[in-house]
Amino acid sequence: MNRKLIFIAAIIAALFVHHAHGRPIVYAHSTTVMADFSAGAMHEAAISYAPRHNWSFGLGHMMLESHTRGYYEDFNYARLNYLAKRWNRAASQANVWLWGGVGNSNLTDYVPETVIPGEPIPGDDHGHVDPTLVPGYWRERQAVSWHTGGQIDYETRRLYSALKSEYYTSRLFSHRVDTVQLGFAPYEHDVDSLATWFVVSGVRHTGGSHDETEWALLLRFFKKRAWLEAGSTTEGKLRANLMVSF
Amino acid sequence: MKKILALTTIFLLASVSARAETIEMKVFGMVCGFCAQGIESNLRKNPATAEVVVSLENQLVAVKTKNGASIDDASLHKAIKDAGYDLKTIARTDRTLDEVRTEIGATAK
């Protein structure tokens, strides 16, 4: 009954909040639902199943948006995750993860009706126009998209560090997301206690939707099979991440 | 008289062999409680498992088996490997799981 409730809650969460900076594989025969929300930048949801401890497959949806809300990249994808290497030590663990996938992408952008050459466009942000300021029309295009990524991480019960890089491409756009995370736990948790972490996260977006680096301070909690991370960017925007395994 | 002695001996031997066993394992890599859930989950799938205690602090996984049941080393290795960790040592002891909990300071379930 509890498993059913957890499953339903996880699916609902995944539908409403959309990627995660957690681990793509938790353990063999486990299902993991991950959801990530980054206000004004990225939303992602994914579900994956791990037949073995070192690989999993899954489905996901990701949306990238520009600050002007005049440009959206949507991806629906199938993905393979692979734990390429793990180092287990008495009091630490380090990992190398790789993943890749294919899917369809949808690019929706707002096109201004009249543009005078040489004149600045009102509400323009890196080539993306604010639809509330300029007359124009919405344009929608679709293409097959590919993505690949990798992560290296090292953690003890008090320190966490991770570097992640992902690349999305189609004939319509390409987008790269590089993430660095450094975490510190004020106390050492155990399996039955609540874990609390302070995490500094830096995300560099390059390409389609926007071109910038975003820093955030996050509070991470996990207990048993549930993981929640939430915080704010330096610009005051909400960042949240949820992960449930069962 | 001989009959009574024989029956008593059989009864004593049977009660000894039917005792639950405690398996204490040293496991490397356990730093995250979220990820370590797989260890308990995998070990509980074994029909011989009665209870499991996991301690990140002590790098310890202890399993109490059901009366008269046992889990072989290969199954233990598989359960820990499937959870993504490295099993370093296996010790089969006479301690109860409560004694293990007391030593590591874990709360009883």
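Reader: Which strands of chain B does helix 2 (residues 37-44) lie across?

Author: Happy to help, and keep in mind that this is a predicted model. Helix 2 of chain B runs at about 165° to strand 2 of chain B. The elements that helix 2 of chain B lies across are strand 2 and strand 3 of chain B.

Reader: Which other helix of chain B packs on the sheet?

Author: Look for a helix that touches strand 1, strand 2 and strand 3 of chain B. Its direction makes about 10° with that of strand 2 of chain B. That is helix 4 (residues 97-104) of chain B.

Reader: Which are the edge strands of chain B?

Author: The open sheet has four strands with antiparallel pairing, in the order 2-3-1-4. An edge strand pairs on one side only. The edge strands are therefore the two ends of that order: strand 2 (49-55) and strand 4 (86-93) of chain B.

Reader: Which residue stands opposite B:Ile23?

Author: Strand 1 of chain B runs antiparallel to strand 3 (residues 60-65) of chain B, and five bridges join them. Across from B:Ile23, in strand 3 of chain B, stands B:Val63.

Reader: Where in chain B is confidence lowest?

Author: The mean pLDDT of chain B is 83, with 79% of its residues at 70 or more. Strand 1 (residues 22-28) of chain B has the highest confidence, at 95. Over residues 11-17 of chain B, by contrast, the pLDDT is below 50, and this stretch has one contact beyond near neighbours in sequence. With a mean of 55, the lowest confidence is in helix 1 (residues 2-17) of chain B.

Notes
Residues numbered from 1 in each chain as written. Chains lettered and ligands numbered in written order. Predicted model: local features only at pLDDT ≥ 70, side-chain atom pairs only at ≥ 80, totals over all residues. pLDDT = per-residue confidence, 0-100. Contact = placed C-beta atoms within 7 Å. Axes fitted to C-alpha atoms, helices over the stretch in contact; angles between N-to-C directions.
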